[in-house]
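Student: I would like a close look at a single part of this model. Please take me through the metal site.

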Amino acid sequence: MLTFDDGPAAADSDNPTVRVLETLAHNPYQDNIKAVFFTQTRAWHGGGTDTGRALIRREHAEGHVVALHSATWFHSNHRFMSRATLDETMQRGVDDLVAETGVAPKLVRPPFWAYDAETLDSYRQHGMQMLLTDLNANDGKIYGINFSWHKRSNMLTHLAETRKRWAAGAMPVVDGSTPIVVTFHDVNTYTSRHIEEYMGILLDVARELDVPLAAKPFYDDREELERAALASTVNSADAKPQLPGLWNWLWQ
Ligand SMILES: [Zn+2]
């Protein structure tokens with residue numbers, strides 16, 4: 001399950017979000033892949049611009065799942081907001097996405113993977129559930145890492161960890177398959193130029209680890225994708241899933 005955070009990008013030429021959308025539609029591995037886009041609806045350099053809003057509409061029109069990441073100017077931490085401010089920003093994000101796509105988002109991903117019981121309660125009250133990740137490309141621009149020189153070993157490490165949970169029966173089965181959530185950042189120009197290579201790496205490390213793939217390894221149907229994503233959500237602050245990078249150490 002391919003998921004993208006922080007977008008859409010606002011660039012008028014060579015837009016990385018556009019490049020990601022074009023690659024998902026046509027690539028050597030599987031055409032017409034559908035992904036989940038965790039959008040920032042008010043980002044000053046992205047979703048809050050005319051170009052950004054048009055791309056949110058395009059993501060929906062092309063059959064992807066449009067979800068919420070933030071509805072603030074910046075990539076703000078939901079856990080550091082007062083409950084009133086958080087509720088306000090969640091409502092704004094839902095309203096923004098309904099205005100562009102006609103559909104209320106059912107999925108949310110917290111900036112910096114930071115949440116607590118109060119955050120989850122606000123998400124729930126606004127009709128959304130939280131999706132974290134199993135694999136992470138570590139390509140977030142804001143973390144200062146634009147170039148992953150060890151893409152393959154990184155994916156291999158994350159998938160090996162995920163494989164243990166899968167083998168232990170700790171992951172959901174939806175429509176006959178276990179969704180494995182992978183996170184990228186579509187605003188990252190390096191990612192957008194290499195997303196095809198990343199897809200190849202994912203298939204390659206799955207084979208190396210003897211993780212059996214579905215006939216079509218990537219989701220290509222919005223309803224099926226959303227069902228799988230909802231089944232993979234975390235809805236209790238007591239669950240302490242492994243977060244990418246150093247975030248467990250930082251938040252817990
Ligand atoms: Zn983010």
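Which protein donors bind the zinc ion, and how far from it do they lie?

Tutor: Keep in mind that this is a predicted model. The zinc ion has Asp6 (OD), His69 (NE2) and His75 (NE2) as its protein donors. They lie 2.0 to 2.1 Å from the ion. Along the chain, the donors follow the spacing D-x62-H-x5-H. Now place two of them on the fold. Asp6 sits in the loop between β1 (2-5) and α1 (16-25). His75 sits in the loop between β3 (65-70) and α3 (83-101). The pair therefore ties together parts that are 69 residues apart in sequence.

Next, how buried or exposed are these two side by side? Asp6 has a relative accessible area of 6%. For His75 the value is 13%. Buried means under 20%, so Asp6 and His75 both count as buried.

For context, turn to the pockets. The largest pocket has a volume of about 770 Å³. Its lining has 33 residues, with Thr133, Asp134, Gln242, Leu243 and Pro244 nearest the centre. Two elements, α5 (151-167) and α8 (247-251), give two or more residues to that lining. The most come from α5, with 5 residues. By class, the lining has 19 nonpolar, 10 polar and 4 charged residues.

The second largest pocket has a volume of about 580 Å³. Its lining counts 19 nonpolar, 3 polar and 4 charged residues. Here α6 gives the most, with 3 residues.

Technical notes: Residues numbered from 1 in each chain as written. Predicted model: local features only at pLDDT ≥ 70, side-chain atom pairs only at ≥ 80, totals over all residues. Heavy atoms only, no water. Donors = N, O, S within 2.8 Å, 3.2 Å for Na, K, Ca; no water. Helix = DSSP H or I, 4+ residues; strand = E, 2+ residues; numbered from the N terminus. Buried < 20%, exposed > 50% of the residue type's maximum accessible area, 1.4 Å probe, protein only. 1 Å grid on protein atoms, 1.4 Å probe; cavity = no way out; pocket = protein on both sides within 12 Å on 5 of 7 lines; lining within 4 Å. Points joined across faces, edges and corners; volume = space filled by probe spheres on them. Nonpolar A, V, L, I, M, F, W, Y, C, P; charged D, E, K, R; others polar.
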